[in-house]
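Please open the model in your viewer and keep the sequence panel beside it, since this tour moves from one selection to the next. At each stop, select what is named and then compare the view with the text.

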Amino acid sequence: MLGDRLGNRFGIHRALVPQNTLPQIAEKLDADLAKHYEHEVHLVVETLNVDSASMHQMTTEVGEDSAGVGARIAHIVADRGKLHNPVTGSGGMLLGRVDWIGDEAQKSFPKLATGDRVATLVSLTLTPLSLSRVAEVRLATHQVDVEGSAVVFSSGMLAPLPDDMPESLSLAAFDVAGAGPQVLRLARPGQSVLILGVGGKSGLLCALAARWAVGAGGTVIGVEPQPDAAAAAESLGLCASVVRADATDAIATREAVLACARQSVVDADGFDLVVSCVNVAGAEPTAILLCRPRGKVYFFSMATSFARAALVAEGISRDVDMVIGNGYCADHAQTTLELIRHAPDLRKLFEARFC
Ligand code: NAP
């Protein structure tokens, strides 16, 4: 019977192994949508946006093979009741249509109606998900068309899809919605900002946010190894330089970046703010080495190791504040859309990449 159970606003009722825990922590979730709880919204799922670190890990494991990645995704979801990559610990988010809204969930999402097309703003690592079919895996954009169903809890977040942007662009932007708005908060007028992985989705949004935040007196530099992605970042004119370097090679990257940085950055022994948006492990030492004493490092990357960051900073006596890239900050989805709306060149680049 519909709505016969209350459930829990954090989704604890869906944790199968172990029970009575938050769904993000659980090894397995119950993704049986025949069960209805009042603290739930049920979605018909159309597209998954796989987190970049997770997609990179899967293609490293099975090769650049869309069928192989599709099979890996189907296997993880069947095994765990959610797309929670066991190696990277990351997930992604999804696009779908609202199929059913419990009474308690309706209080959290008062404007939501059955039939609305929405993107989830909470991770797939905590979203009960079942898939009947993986239809198309687009390796280049990390978007995967599927047939399936999912649950969002009262404590979660959903965003309506804006009508002035293609859906695949909105989905891509929402996936990294926490990045740009938090750089807007962290960077100050006149400061120096370094972005590792500047040619990627979050890297470009962070470069835009940093450019706006530091203003004419500030400086933004990017690091990107892949020539096409570096050239694309350069073409937007947001960075004073885009350095072609491998951010997992701390010594070489430090030299290459300082060689083209302002004298004030060299004198300060690093940047006021370093943002890591790389989708591979091992960029922490570079970020820390290039951050000035008492500067800030913002680790947006899911491939960040807390232990490596803490031990490298301690090991070289670097007194820096390290910020974990919370996927959520107030109004992040709207702020990210606004960033894109006010940057026509970036928008054009994203449309070419994701649409
Ligand atoms: P993306 O579009 O794939 O961008 C990653 C960028 O890093 C690419 O330009 C990539 O270059 C570059 N890169 C790879 N290896 C590098 C290296 N050795 N040195 C320098 N740059 C390198 O990924 P995204 O969607 O922006 O996501 C970036 C990171 O944020 C990922 O780890 C993702 O999992 C994470 N993320 C975090 C949150 C959160 O809530 N904190 C949310 C979503 C995503 P190539 O062109 O060579 O690949």
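Begin by selecting the ligand together with Lys201, where a polar backbone atom of Lys201 lies 2.8 Å from an oxygen atom of the ligand. The protein covers 86% of the 920 Å² of accessible area that the ligand has on its own. Bear in mind throughout that this is a predicted model, so the distances and angles given here are computed from predicted coordinates.

Add Ser52 to the selection, and you will find one of its polar side-chain atoms 2.7 Å from an oxygen atom of the ligand. Then add Gly325, which places a polar backbone atom 2.7 Å from a nitrogen atom of the ligand.

Now widen the view to the whole shell, in which 28 residues surround the ligand, the closest being Asp51, Ser52, Ser202, Glu224 and Gly325. If you colour this shell by residue type, it divides into 11 nonpolar, 12 polar and 5 charged residues. Which helices each supply at least two residues of the shell? They are helix H1, residues 52-62, and helix H6, residues 201-214.

For the next stop, select residues 192-196, which form strand E9; 5 of its 5 residues are buried, so the strand is largely enclosed by the rest of the structure. With side chains displayed, you can follow Ser192, Leu194 and Leu196 pointing one way from E9, while Val193 and Ile195 point the other way. Add strand E10, residues 219-223, which runs parallel to E9 and is joined to it by 5 bridges. To look at one pairing in detail, pick Ile195 in E9, whose bridge partner in E10 is Gly222.

Move on to His42, which you will find in strand E3, residues 40-50. His42 has a relative accessible area of 2%, and it counts as buried because this is under the 20% cut-off. Its side chain makes a polar contact of 2.7 Å with the side chain of Glu40. When neighbours within four places in sequence are left aside, the residues in contact with His42 include Arg14, Leu33, Lys35 and His36, and also Arg97, Val98, Asp99 and Trp100. Ala150 and Val151 are likewise among the contacts of His42.

Next, go to Ala15 in strand E1, residues 15-17. Is Ala15 buried or exposed? At 5% relative accessibility, Ala15 counts as buried. Beyond its neighbours within four places in sequence, Ala15 is in contact with Asn20, Thr21, Ala26, Lys28 and Leu29. A distance line drawn between the C-alpha atoms of Ala15 and Ala31, which are 16 residues apart along the chain, should read 9.4 Å.

Follow the chain to Pro18, in the loop between E1 and strand E2, residues 28-29. The peptide bond from Val17 to Pro18 is cis, with omega near -15°. As a point of reference for this stop and the next two, most residues other than glycine have a negative phi, and most peptide bonds are trans.

Select Asp269, in the loop between helix H9 (263-267) and strand E12 (271-276). Phi of Asp269 is near 65°, a positive value in a residue other than glycine, and Asp269 counts as partly exposed at 28% relative accessibility. Then select Ser317, in the loop between helix H11 (306-315) and strand E14 (321-324). Ser317 also has a positive phi, near 50°, and at 68% relative accessibility it counts as exposed.

Turn now to Asp164, in the loop between strand E8 (158-160) and helix H4 (167-175), where a relative accessibility of 35% makes it partly exposed. What does Asp164 touch, leaving aside its neighbours within four places in sequence? Its contacts are with Arg341 and Arg347. The side chain of Asp164 makes a polar contact of 2.6 Å with that of Arg341, and the C-alpha atoms of these two residues, 177 residues apart along the chain, are separated by 9.1 Å.

Finish at Lys111, in the loop between helix H3 (103-108) and strand E5 (117-120), which counts as exposed at 81% relative accessibility. A line from its C-alpha atom to that of Val176, 65 residues apart along the chain, spans 24 Å.

Conventions. Residues numbered from 1 in each chain as written. Predicted model: local features only at pLDDT ≥ 70, side-chain atom pairs only at ≥ 80, totals over all residues. Heavy atoms only, no water. Helix = DSSP H or I, 4+ residues; strand = E, 2+ residues; numbered from the N terminus. Buried < 20%, exposed > 50% of the residue type's maximum accessible area, 1.4 Å probe, protein only. Polar contact = N/O pair within 3.5 Å; in protein donor to acceptor, adjacent residues only side chain to side chain. Contact = heavy atoms within 4.5 Å. Near = heavy atom within 4 Å. Areas by Shrake-Rupley, 256 points an atom, 1.4 Å probe, with all protein chains shown as cover. Nonpolar A, V, L, I, M, F, W, Y, C, P; charged D, E, K, R; others polar. Pairing = 2+ DSSP bridges.
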